[in-house]
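Trainee: Please choose one part of this model for a close look, and then carry the description outward from there in one connected account.

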Amino acid sequence: MAALLGVFFAIPADASAEPTKCRAVEVPFTVAGQTGPIAGTLCTPPGANTIQILVHGWTYDQHYFDWPVKPETYSYARKANEAGYATLAIDRLGAGASMRPPSLFTTFNNNAEALHEVVTAVRDGSLGKKYDKVVTVGHSLGSLTVAQEAGQFKDVDAIITTGFVHTINYVNVIAEVLGRDHFAMGDPKFAGVVKDPLYMTNIPGTRHTFFYEPNTDPAVIEADERLKGTASLVDFATGAGFNLVNVDRDLNIPVMVVTGDKDRLFCGLASVDCSSAKNLIEHEREWYGPDATIEAYVPRNTGHNTALEKTAPQSAARMIDFVERHVGHGTGVTGAAPGKRPEIPSPPPTKPSPVAAVAATAFEKAVLPVANAYVEAVKNVPGLGDTSNPVPGADKLLATVANNAHKILGTLPAELIGAP
C-alpha cells in the first residue's frame, strides 16, 4: 500500500514546478554604419538546449508566432515551449522593436545577415546560454529569409518554412498584397515613428488578404488589424528575385514545408499546385541539396496564415513532430507552464503630417479599388483564383536556371553579383 501511494503521489521527473521563463532580448546588428537591435522575445523551458528561432513575414512582427489572442490555440511559440524547446520570436529588420534603418538598407540580403547574427548569438551564449541545436522557422517573407540564411551560412540544424514555396505567384502578390498597402508614415499607428516613404503597412480593413476567411476566427482578424506592422519596399523588391541564384542548392539538412491549400500568394500560376504534400515535396526537392530530407504538410481549407487559422493546432503539431524526429528537444523539460511574456509596447497613435496623410489617402483611393476589382475578376481563373498550376513545367524550369546560376556564381560574394 505504501508503495502504491508513493507511485500515486510521486512527482514525475520532468514535471518541474518551474515555468518557462520569457524575457525581451536584443542582438546588435550593424548596417550602413548604424548599429541597432534585432529585438525579440526569448522563452526558455527549464533545461532547454534546443532553440527554435521564429521569423515573421510582410507587415507582421514577433506576435505572428506568439499570438496573444487565444494563445492556447494560436501561439506556436507556446506549443514549442510545452514540447521542451526554447523559442526566440524576433522582429525582422525594419519591423516591430528592431532597428528601422533608412529603407535603402533594409535589403533582403541584410535581413538574412541579421538572422545570421541572431543564430550566432544563440550558439555562442551572447543571450545568456549556449544552445546546442538551432532550428529556424519562417512565415512568408520570413520563410524566404530563413531559407536564404540557411543556404548562405549553413549554420542551422533544420528549417521549417510556412506560407512559402520557392516560387511566388507574383501577379497575386503584387495585386493583393502591395495593392492593399499604403505609406506607413501616413498611417496613424506609425506616423510618430516612421518618416521614410518606402516603409509600408496595410490599409485599414484589408488584413483579411492573408487569411482564408471561412477557416478563420473573426477575433483573430480583428486582432491582426490592431497588431499590424511595417515592412520596406526595398526588402520586397530585393527579395522578389531571391530564387534567381539558388543558395539552397547545396543545403543538406531536414526541411519541412507547411503551406495551406488555399494560399494564393505562393501557389498557382507559374508556381505549384498546393493541393497535396506530394506536390510540395516534389517541387521543393528541386531547390535543396541531394541529401536534404524534405517533408511537407498541407493544412486543408487554409490560406496564407497557417499559424493563425483554425487549423493552426494541427500545423503546430506536425511542425513540432518534425523537429522532434530530426533534431530533438534535448534536455528541455516538457509540459512546463507557459511563461509570462514581456509587454511589447506599440507606438502611440499620432496624427500624420498633412503631406503624409494626403499621400496615403491618394494611394488608397487609387490602388485599393483596382486590387479589389482584380480579386473579383480572377475568382474563376485557374492559377489566380485558385492554387492550381495552369503552366506545368515553369517551376521546374526556374529551378534549373537558378541552380545552374548558383553553380556559376555561388562562390562569389552576394553583394558582388547583386543577389538579394
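Mentor: Leucine 104 counts as exposed because its relative accessibility is 61%, where exposed means over 50% relative accessible area, buried means under 20%, and partly exposed is in between (1.4 Å probe, protein chains only). The model is a predicted one, in which local features need pLDDT of at least 70 and side-chain atom pairs count only at pLDDT 80 or more, while totals for chains, interfaces and linings use all residues. Residues are numbered from 1 along each chain as its sequence is written, and side-chain values use heavy atoms, with hydrogens and water left out.

Leucine 104 sits in the loop between β4 (86–90) and α4 (108–124); helices (H or I, at least four residues) and strands (E, at least two) are DSSP runs numbered from the N terminus. Together with Phe105 and Leu198, Leu104 makes a nonpolar surface patch of about 270 Å². Such patches are built from residues with over 30% relative accessible area and no salt bridge, with like charges joined within 9 Å and nonpolar side chains (Val, Leu, Ile, Met, Phe, Trp, Tyr) within 5 Å, and the areas come from the Shrake-Rupley method with a 1.4 Å probe, where for residues only the protein chains shown count as cover.

The loop that holds leucine 104 also leads to a charged pair, since arginine 92, in that loop between β4 and α4, and aspartate 235, in helix α8 (residues 233–239), tie together parts that are 143 residues apart in sequence. The two form a salt bridge in which the closest N and O atoms are 2.7 Å apart, the criterion being a side-chain nitrogen of Lys or Arg within 4 Å of a carboxyl oxygen of Asp or Glu. Arginine 92 and aspartate 235 are both buried.

The whole structure has 15 salt bridges. In another of them, glutamate 176 meets arginine 264 at 2.8 Å, N to O. Glutamate 176 belongs to helix α6 (residues 170–176) and arginine 264 to the loop between β10 (254–258) and α9 (277–285), so this pair links parts 88 residues apart in sequence. Glutamate 176 is buried, at 4% relative accessibility, and arginine 264 is also buried, at 18%. Arginine 325 and glutamate 295 likewise meet in a salt bridge of 2.7 Å, N to O; because arginine 325 lies in helix α10 (residues 312–326) and glutamate 295 in strand β11 (residues 293–297), the pair ties together parts 30 residues apart in sequence. Here arginine 325 is partly exposed, with a relative accessible area of 47%, whereas glutamate 295 is buried, at 18%. Through shared partners, salt bridges also join Arg123, Lys133 and Asp157 into one network.

Turning to the interior, the largest nonpolar core has 102 residues, of which Ile53, Tyr76, Leu88, Ile159, Ile160 and Tyr288 touch the most other members; a core here is a set of buried Ala, Val, Leu, Ile, Met, Phe, Trp, Tyr and Cys residues joined through side-chain atoms within 4.5 Å. Helix α4 supplies the largest share of this core, 7 residues. Residues up to four places away in sequence aside, isoleucine 160 touches a set including Tyr76, Val146, Met256, Met319 and Phe322, contact meaning heavy atoms within 4.5 Å. A second, separate core of 5 residues includes Ala175, Tyr374, Val375 and Leu384. Burial is not confined to nonpolar residues: aspartate 224, in helix α7 (residues 218–227), is buried, with a relative accessible area of 0%. Beyond its neighbours within four places in sequence, aspartate 224 contacts Tyr60, Trp67, Arg207, Phe211 and Asn305.

There is also an open sheet of 3 strands with the order β7-β8-β9 and antiparallel pairing, two strands being paired if DSSP finds at least two bridges between them. Because β7 (181–183) and β9 (231–232) stand at the edges, each with a single partner strand, one side of each has no neighbour in the sheet. β7 and β8 pair over 3 bridges, with phenylalanine 183 opposite methionine 200 in β8. Strand β8 (residues 199–202) pairs with β9 over 2 bridges, and tyrosine 199 stands opposite serine 232 in β9.
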